[in-house]
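The following exercises are to be worked with the sequence and the coordinates at hand. Each task is followed by a solution in steps.

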Amino acid sequence: MASIHNLVKRLQSYLDDDQIAEVVRAYDFAEKSHEGQYRRTGDPYITHPLAVANILTDMHMDYESLMAALLHDVLEDCGVGKERLAELFGNEVAELVDGVSKIAQIKFESKAEQQAENLRKMMLAMTRDIRVILVKLADRLHNMRTLHIMPAAKRRRIALETLEIYAPIANRLGMYNVRVEYEDLGFYAMYPMRAQRIANAVKGARGHRKEMLNTMKASIEYCLEQEGIEARVIGREKHLYSIYAKMKEQKKSFSDIMDVYGFRIVVDRVDTCYRVLGAVHNYFTPIPGRFKDYVAIPKANGYQSLHSTLKARSGIPLEVQIRTEEMDAMANNGIAAHWLYKADDEPGSPTHTRAQAWMGRLMEMQQKAGNSIEFIENVKVDLFPDEVYIFTPKGLIKEMPVGASAVDFAYAVHTKVGNNCVAARIDGKLMPLSTTLENGQTVRIITAPNAAPNPAWLNFVVTGKARTNIRHFLKTQRREESVGLGERLLEKALSSYSMGINDLPLERVVSELGANGYLSVDDLLEDIGLGNRLAPLVARKLVGESGERQHAEERKPMAILGTEGLLVAYAKCCRPLPGDFVIGHLSAGRGIVVHRDNCKNMLTELKNNPEKCIALGWAENVSQEFSAALRLELMNRKGVLATLATNLSESGSNIETIDMAEKEAALTVINVTISVRDRVHLARIMRRLRNLENVVRLQRL
Ligand code: MN
C-alpha cells in the first residue's frame with residue numbers, strides 16, 4: 001500500500017525539499033483530521049487522499065496541488081473551516097481545497113445531453129484555477145478505481161456521471177490517459193455484461209493479434225532502420241469502451257475493429273515525423289483519404305500527430321500515429337503535460353497565468369495552422385467565464401450572462417414569469433429581484449398575478465430578453481395610463497364649463513384632432529396625460545368662446561389613488577402623504593408630480609406657471625406605502641438606534657434610509673426615511689418616538 005514515504009521518494013525527482021516538507025505537513029494534518037474514519041474498502045480514510053496525491057504526482061503537479069489533494073476532503077468530512085486551512089497552509093491551498101469541495105456540492109443526476117454539457121461547463125466555470133479541476137479529476141479517478149466496493153445503485157450513478165461529465169472534461173483538456181481509464185471503469189460499472197463480453201473477445205483474439213502486432217512492429221522498425229531514423233515503435237491496444245463505442249456508433253462488427261492494428265511511432269523532432277511518414281508510405285501502401293496532418297493543424301484539444309492508414313503486404317490495415325515525445329506527453333496528459341514539462345518554472349508564478357500560457361500556446365498553434373479557433377473560444381469560456389449557470393427549482397439549468405439578475409432569470413424562464421415577478425428565493429433565501437446571480441445557485445421566482453414590471457428594473461437587467469419585454473410592457477402601460485389620466489384632466493377642465501367630453505360638439509373635436517395631426521381622441525388624451533398639452537387650454541378650445549366658465553369654488557380637486565405608477569410620481573422634495581394637502585405639477589412628457597401645498601418648490605411654480613399646477617385630492621382608499629423623511633436629535637446612548645428601529649417596526653413602519661447628519665459628544669442628528677401609510681400613521685409614529693427617553697427633538701422634513 002502507498003505510504004507517505006513512497007510519495008516523498010517520488011516527489012524527490014522533481015520538487016525541492018522545502019516543497020516536499022510542505023506536502024508532508026499537509027499529509028500529517030489530513031491524517032490527524034481523518035483519524036478514525038474508514039473507506040468502504042476498510043482502509044483508513046487517509047489512503048484515499050494519498051492515492052489522489054499519487055495520481056497527481058504521475059502528472060508532476062506542483063506542491064500546492066498535492067497539498068490540496070491531501071486535504072481535499074477535510075472541509076467536507078472533518079469540519080475544518082476554510083479560514084483554518086488558510087491559516088495553516090496559506091490562501092492558495094485553502095482556495096484549491098474549497099474549489100474542490102464546491103464541485104462536490106454540484107448535484108449531478110442523469111440528464112439530457114444538453115444538460116450534461118451545461119454541467120460540464122458549469123463545473124469548469126466555477127473554477128478560477130485549473131488545478132482545482134485536475135485535483136477533482138484525480139479524486140474521481142481514485143474513486144472509480146475503488147468503485148466495486150459501492151452498492152450497485154450508487155455504482156451506476158457514479159459511473160454514469162463519470163462517463164457523461166468527467167470523461168468529456170478529461171477529453172477536452174486533452175488528458176487521454178485519464179479519459180481512457182474513466183471510460184473503461186465506467187463501462188464496466190454501467191454495462192458489466194457487455195464489457196465482459198468484449199473483454200473476453202479481446203482476450204480470445206489476443207494470441208493471434210500479438211503475433212501479428214510483433215511481426216508488423218518488426219517490419220516498421222526495419223523500414224525506419226533502412227532510412228536511418230531512430231524511433232520508438234509502440235503497438236497500440238484499443239480500450240474496451242472505444243471498441244464498444246465504435247461498434248455502436250459506426251455499426252462495425254467486433255472483427256472489423258479488431259482487424260485493424262495500431263502503432264505509435266515516437267521521434268525526437270517535428271521534421272523527423274514527416275521523414276517517418278515518407279518512409280512508411282514508401283514501404284507500405286497508404287490507403288487514400290486516410291492521411292491526416294494534425295501536426296500542422298492540431299485537433300481542437302491541442303492534440304498533435306500525423307495519422308495514416310497503410311496496407312501491409314498481407315493486406316491487413318495498419319494505423320500509424322507519428323509524433324514527437326512532447327506531442328506524446330501532450331496527447332496522454334493534455335493540460336497536465338504543462339506541469340510535466342514545466343515543473344521547474346519560476347516558483348510561485350500564478351497558476352492563472354500558467355493556464356493562460358497553456359491556452360496561449362494552443363492559440364498560437366491553431367493560428368499558425370489557420371484553423372478555426374472554436375475550441376479556444378470554448379475553453380476560454382470555460383476557464384474565464386462570461387456565463388453563469390443557474391438551476392430552476394426543477395433542476396434544469398439556464399445559462400445566463402455574468403451579472404444577470406433575478407429579473408433576467410425570471411424572463412429567461414418565461415415572459416409571463418418576468419412580467420409578474422415580485423421576489424426571488426435564491427438557494428432558499430428570500431432576496432430582492434435586483435440580486436446578481438452566481439454560478440450554481442437554485443433560483444425560484446415568486447410571482448403575483450397583478451404584479452407588473454418596474455421601470456427601475458431597466459437599471460440592472462442585462463439580458464436583451466428582459467430589457468425588450470420590460471420596455472414593451474411599459475410602453476403599452478404608459479399609453480393606457482396617459483390616456484386615462486388625460487381623460488380625467490380634460491373632464492376636470494371641462495367641468496368648469498359644466499360639460500363633459502361627451503357633450504362636446506363633434507365638429508370642434510374633429511377639427512382639433514385634424515389641426516394637431518391626431519388620429520384619434522385617445523391620441524389627444526394621451527398628449528394631455530403626458531403633460532404635453534394643458535387640459536384647461538384644450539378645454540377652452542373645444543368648448544369655444546360660447547362656453548361659460550363657472551366659479552372656481554365649485555371645481556372639485558381631482559382624486560389620486562396613490563398607486564398610479566408611471567404618470568403620477570411623488571415629489572422627493574416634500575414627500576406628500578395621504579392626508580396632506582397636495583398640488584399636482586404637470587411636466588411635459590412626465591405626467592403629474594404630486595407635491596405638498598406648502599412645498600417651497602411649488603410656491604414658486606404656482607407664482608410662475610400657474611397653468612401647470614393642478615388641484616389634487618386623495619382618493620378614499622389609498623393603500624400604497626409612502627416615504628416620510630424625519631430629522632431626529634438623539635442622545636448618544638448605547639442602543640439608541642436599536643430602540644428606534646424596534647419602535648418603528650412595532651408601529652408598522654420600516655427604515656428605508658438612514659443618514660448621520662451631525663455627531664457631537666452628547667447628541668447625534670440623523671435623517672431617516674421611513675415607510676408609512678398616511679398622515680395619521682405618521683402622526684402616531686412621531687408621537688411614539690417623541691416619548692422615547694433619548695429622543696431630544698423630532699421633526700418631519
Ligand atoms: Mn475524495
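Among contacts in the chain between residues at least 6 apart in sequence, 67% join residues at least 24 apart. The model is a predicted one. The chain comprises 28 helices and 20 strands, and buried residues account for 48% of its 701 residues.

**Exercise 1. The manganese site**

Identify the protein donors of the manganese ion, and state how they are spaced in sequence.

Solution.
1. The donors from the protein are His48 (NE2), His72 (NE2), Asp73 (OD) and Asp139 (OD), at 2.1 to 2.6 Å from the manganese ion.
2. Read along the sequence, the donor residues follow the spacing H-x23-H-D-x65-D.
3. His48 belongs to helix 3 (residues 47-58) and Asp139 to helix 9 (residues 130-145), so this pair ties together parts that are 91 residues apart in sequence.
4. The cut-off for a buried residue is under 20% relative accessible area. His48, with a relative accessible area of 1%, is buried.
5. Asp139 also counts as buried, at 5% relative accessibility.

**Exercise 2. Aromatic pairs around Tyr570**

Classify the pairs that Tyr570 forms with Trp618 and with Phe626, and determine which strands they link.

Solution.
1. The structure holds 13 aromatic pairs. In the pair of Tyr570 and Trp618, the centres are 6.0 Å apart and the planes differ by 5°, which is a stacked arrangement.
2. Tyr570 is located in strand 13 (residues 568-570) and Trp618 in strand 16 (residues 613-618); the pair links distant parts of the chain, 48 residues apart.
3. Tyr570 and Trp618 are both buried.
4. For Tyr570 and Phe626, the ring centres are 5.1 Å apart and the planes stand at 85°; planes over 60 degrees apart count as edge-to-face, so this pair is edge-to-face.
5. Phe626 lies in strand 17 (residues 626-635) and Tyr570 in strand 13, so the pair ties together parts that are 56 residues apart in sequence.
6. Phe626 has a relative accessible area of 4% and is buried.

**Exercise 3. The surroundings of Phe187**

Is Phe187 buried or exposed, and which residues is Phe187 in contact with beyond its neighbours within four places in sequence?

Solution.
1. Phe187 is part of helix 11 (residues 176-190).
2. With 0% relative accessibility, Phe187 counts as buried.
3. Setting aside neighbours within four places in sequence, the contacts of Phe187 are Leu163, Pro192, Arg194, Ala195, Ile198, Leu240, Tyr241 and Tyr244.
4. One aromatic cluster is formed by Phe187, Tyr191, Tyr241 and Tyr244.
5. Phe187 and Thr162 are 25 residues apart in sequence, while their C-alpha atoms are 9.7 Å apart in space.

**Exercise 4. A four-stranded sheet and its helices**

Derive the arrangement of the sheet with the order 18-19-17-20, and place helix 27 and helix 28 against its strands.

Solution.
1. The sheet is open, has four strands and shows antiparallel pairing.
2. Strand 18 (655-663) and strand 20 (695-700) stand at the edges, and each has a single partner strand, so one side of each is left without a neighbour in the sheet.
3. On average, neighbouring strands of this sheet are turned by 20° against each other, direction ignored.
4. Strand 17 and strand 19 (residues 667-676) run antiparallel and are joined by 10 bridges. Asn671 in strand 19 is the bridge partner of Arg631.
5. Helix 27 (residues 640-650) packs on the sheet and touches strand 17, strand 18 and strand 19; its direction makes about 145° with that of strand 17.
6. Helix 28 (residues 679-690) lies across strand 17, strand 19 and strand 20, and runs at about 165° to strand 20.

**Exercise 5. The loop at Gly652**

Where is Gly652 found, and which residues is Gly652 in contact with outside its neighbours within four places in sequence?

Solution.
1. Gly652 is found in the loop between helix 27 and strand 18.
2. At 40% relative accessibility, Gly652 counts as partly exposed.
3. Leaving out neighbours within four places in sequence, Gly652 is in contact with Arg677 and His681.
4. Gly652 and Val676 are 24 residues apart in sequence, and 7.8 Å separate them in space, C-alpha to C-alpha.

How values were computed:
Residues are numbered from 1 along each chain as its sequence is written. This is a predicted model: local features need pLDDT of at least 70, side-chain atom pairs count only at pLDDT 80 or more; totals for chains, interfaces and linings use all residues. Side-chain values use heavy atoms; hydrogens and water are left out. Rings of Phe, Tyr and Trp (its six-membered ring) pair if their centres lie within 6.5 Å; planes under 30 degrees apart count as stacked, over 60 as edge-to-face and the rest as tilted. Helices (H or I, at least four residues) and strands (E, at least two) are DSSP runs, numbered from the N terminus. Buried means under 20% relative accessible area, exposed over 50%, partly exposed in between (1.4 Å probe, protein chains only). Donors are N, O and S atoms within 2.8 Å of the metal (3.2 Å for Na, K and Ca); water is not among the atoms, so sites may look incomplete. Two strands pair if DSSP finds at least two bridges between them. Axes are lines fitted to C-alpha atoms, for helices over the stretch in contact, and angles run from 0 to 180 degrees between N-to-C directions. Contact means heavy atoms within 4.5 Å.
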